[in-house]
2 protein chains.
Amino acid sequence: MTSDFEAQLRAASLRVTRARLAVLAALRDRPHVDTDTVIALVRADHPTVSHQAVYDVLRALTNAGLVRRIQPAGATARYESRVGDNHHHVVCRSCGAIADVDCAVGQAPCLTASDDHGFVVDEAEVVYWGTCPGCATERTSQ
Amino acid sequence: MTSDFEAQLRAASLRVTRARLAVLAALRDRPHVDTDTVIALVRADHPTVSHQAVYDVLRALTNAGLVRRIQPAGATARYESRVGDNHHHVVCRSCGAIADVDCAVGQAPCLTASDDHGFVVDEAEVVYWGTCPGCATERTSQ
DNA sequence: CCACTCTTTTGGAATGAATCAAGTTTTACT
DNA sequence: AGTAAAACTTGATTCATTCCAAAAGAGTGG
């Protein structure tokens, strides 16, 4: 388990540190956690880790492709460890809840822009905006 | 010109104010402007408009659907007046430049999620991440 | 196993976009 | 014109994120 993370880090030629292992562990089974939550989870096991370390680690892991950063408009940054499978997200406009969605149209649906203006595109990110079941019933029942 | 904006505002049952007309004018021919730029543009004509007013106006116009807010991860909010035609954006990872892209796969390609988790989806936002021509040549020439 | 170098982390302060709050002005309708 | 509601002004505040310099830790070669 821990050695898994260690292997991941080494594969990405990142040094293996307590902070990094703790962040990976915190993200393991939790989708879409925001930075504050990561800090709290990390400190549950390692109370001395600074918030700055968590920010640095999240950036390093994001750059290395081990975690993915998602930041819907108007919300704080969230991170997830599910990477490399081209999945997307539904975001609730009223409560900010996020859920995973697999790609509707094949494997890389929107990866081809009609006119890319000369940009070299390497990723297509899709955010579905709507209302989650909870907020929907709340609103209709009023 | 101004009366156009006035009509737009009235159609959305929003009051017609100097600040709102100025913001609409500022967004007219400028795609993807950030809030600071909007403030500067508005003040060019109306020096007394407060930044708070601009924030309020942008939110009101966004809620009314007259402008669209876009906020790629890690950048400040930007606004555009091109609405209602389901177009998307390419964003440069290194300089943050944004360009419009029309929808590749038909009219509303990704609007149907494979499994929407009970969410009522009303919009699909697509962000293409990549490198703009300028940054690409810069990098290869080094 | 030890020393050396480079990277990472600590702890605290700073930045900056965005929001909140109270009081004043303006708009739209009668 | 007169009035109520909405919008705006001013100024302060919040809060996520970043910057900084010093201390600690990781990995490499001896």
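Buried, as used here, means under 20% relative accessible area, exposed means over 50%, and partly exposed covers what lies in between, with a 1.4 Å probe and protein chains only. B:E123 gives a first taste of the scale: with a relative accessible area of 26%, B:E123 is partly exposed. This is a predicted model, in which local features need pLDDT of at least 70 and side-chain atom pairs count only at pLDDT 80 or more, while totals for chains, interfaces and linings use all residues. Residues are numbered from 1 along each chain as its sequence is written, chains are lettered from A and ligands numbered from 1 in the order in which they are written, and side-chain values use heavy atoms, with hydrogens and water left out.

Chain A makes a handy starting point. Its secondary structure adds up to five helices and six strands, where helices (H or I, at least four residues) and strands (E, at least two) are DSSP runs numbered from the N terminus. Read from the N terminus on, the elements go α-α-β-α-α-β-β-β-β-β-α. Chain A has 142 residues, and 41% of them count as buried. As for contacts (heavy atoms within 4.5 Å), take those in chain A between residues at least 6 apart in sequence: 44% of them join residues at least 24 apart.

Helix α2(A) is well wrapped up. Eight of its eleven residues are buried, so α2(A) is largely enclosed by the rest of the structure. The buried ones are A:A19, A:R20, A:L21, A:A22, A:V23, A:L24, A:A26 and A:L27. One of the partners of this helix is α4(A): the two axes come within 10 Å and cross at roughly 75°. Axes here are lines fitted to C-alpha atoms, for helices over the stretch in contact, and angles run from 0 to 180 degrees between N-to-C directions. The pair is therefore roughly perpendicular, on a scale where angles under 35 degrees count as roughly parallel, over 145 as roughly antiparallel, 65 to 115 as roughly perpendicular and the rest as oblique. On the α2(A) side, A:A19, A:R20, A:V23, A:L24 and A:L27 do the touching, and they meet A:V57, A:L58, A:A60 and A:L61 of α4(A). By class, the residues of this contact split into eight nonpolar, no polar and one charged. For these classes, Ala, Val, Leu, Ile, Met, Phe, Trp, Tyr, Cys and Pro count as nonpolar, Asp, Glu, Lys and Arg as charged, and the others, Gly among them, as polar.

Helix α3(A), residues 35-45, has an inside and an outside. A:T35, A:V38, A:I39 and A:V42 are buried in this helix. These four cover an arc of only 100° around the axis, which puts them on the same side of α3(A); the arc is that of the directions from the helix axis to the C-beta atoms. An α-helix has 3.6 residues a turn, so residues three or four places apart point the same way. Cover for the buried residues of α3(A) comes from elements of chain A including α2 (18-28), β1 (33-34), α4 (51-64) and β3 (78-80). On the face turned away from the buried side sit the exposed residues A:D36 and A:A44.

Over in chain B, helix α2 (residues 18-28) packs against helix α3 (residues 35-45) at an angle of about 115°, with the axes 9 Å apart. These two helices are therefore roughly perpendicular to each other. The contact brings together B:A22, B:V23, B:A26 and B:L27 of α2(B) with B:V38, B:L41 and B:V42 of α3(B). Its makeup is seven nonpolar, no polar and no charged residues.

A few single residues deserve a look too. A:H32 lies in the loop between α2 and β1 of chain A, and its phi is near 60°, a positive value in a residue other than glycine. A:H32 is also buried, with a relative accessible area of 7%. In chain B, B:H32 is found in the loop between α2 and β1 (33-34) and has a positive phi of about 60° although it is not a glycine. At 7% relative accessibility, B:H32 counts as buried.

A:R68 belongs to strand β2 (residues 68-70) of chain A and counts as buried at 14% relative accessibility. Leaving aside neighbours within four places in sequence, A:R68 has contacts that include A:R78, A:Y79, A:E80, A:H87 and A:E123. The C-alpha atoms of A:R68 and A:V83 are separated by 6.3 Å, with their positions 15 residues apart along the chain. Back to B:E123: its place is in strand β6 (residues 120-131) of chain B, and its C-alpha atom is separated by 8.7 Å from that of B:N86, 37 residues apart along the chain.
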